[in-house]
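Subject: Structure for you to look at

Dear colleague,

Here is the structure I promised to pass on, and I would be glad if you looked it over before reading my notes below.

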Amino acid sequence: MKESLYNILKGKFLISNDAFNNWRFILFCTVLAIFMIGSSHSAEQKVHEIARLNDEVLELRTEFLDGRSNLMKLKMESTITGRMAQKGIKPSDVPPTKIIVKEKE
């Protein structure tokens, strides 16, 4: 056991007679590790992209809500009355009358 551990630490398994099989396995593990690193890097980029897009969605949703609340304030009768009063137009004191059109058959 002790001798085999020394042989591994010295690297004799790389220069022995059946070293070709060992080199193939080491090359396979290296290629596999490169693919794994590339895959994890790609996944990490996608996670960052998703986080950035989520932040952008929250920002756009906030802008939308602000715009909608401003629109609701502008559409209020008191706001419209105030702006029209500046131009000399005021609400009518006489309520409108409903016009009914009867169709002839």
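Glu49 and Arg52 both belong to helix α2, which covers residues 19–75, and they sit three residues apart, about one turn of the helix. Please keep in mind throughout that this is a predicted model, and that the distances and areas below are computed from it. Glu49 forms a salt bridge with Arg52, in which the closest N and O atoms are 2.6 Å apart. As for exposure, Glu49 is partly exposed, with a relative accessible area of 37%, and Arg52 is likewise partly exposed, at 44%.

Arg52 also forms a salt bridge with Glu56, where the closest N and O atoms are 3.4 Å apart. These two residues are four residues apart in helix α2, so that about one helical turn separates Arg52 from Glu56. Glu56 counts as partly exposed, its relative accessibility being 37%.

How many salt bridges does the structure hold? There are three, and the one not yet described is between Lys90 and Asp93, whose closest N and O atoms are 4.0 Å apart. Both partners are exposed, Lys90 with a relative accessible area of 62% and Asp93 with a relative accessibility of 69%. Returning to helix α2, salt bridges that share partners join Glu49, Arg52 and Glu56 into one network. As a general point, side chains of opposite charge can pair when their charged atoms come close.

Turning from charged to nonpolar side chains, Leu5, Tyr6 and Leu9 make a nonpolar surface patch of about 340 Å². One of these residues, Leu5, has its place in helix α1, which is made of residues 2–10.

The last residue I would point out is Ile100, which lies in the segment after α3 (77–86). Is Ile100 buried or exposed? Ile100 counts as exposed because its relative accessible area is 67%, and the cut-off for that label is over 50%. Ile100 and Leu74 are 26 residues apart in sequence, and their C-alpha atoms are 32 Å apart in space.

If you open the model yourself, you might begin with the network of Glu49, Arg52 and Glu56, and then go on to the nonpolar patch made by Leu5, Tyr6 and Leu9.

With best wishes

Notes: Residues numbered from 1 in each chain as written. Predicted model: local features only at pLDDT ≥ 70, side-chain atom pairs only at ≥ 80, totals over all residues. Heavy atoms only, no water. Patch = residues over 30% accessible without salt bridge, like charges linked within 9 Å, V, L, I, M, F, W, Y side chains within 5 Å. Areas by Shrake-Rupley, 256 points an atom, 1.4 Å probe, with all protein chains shown as cover. Buried < 20%, exposed > 50% of the residue type's maximum accessible area, 1.4 Å probe, protein only.
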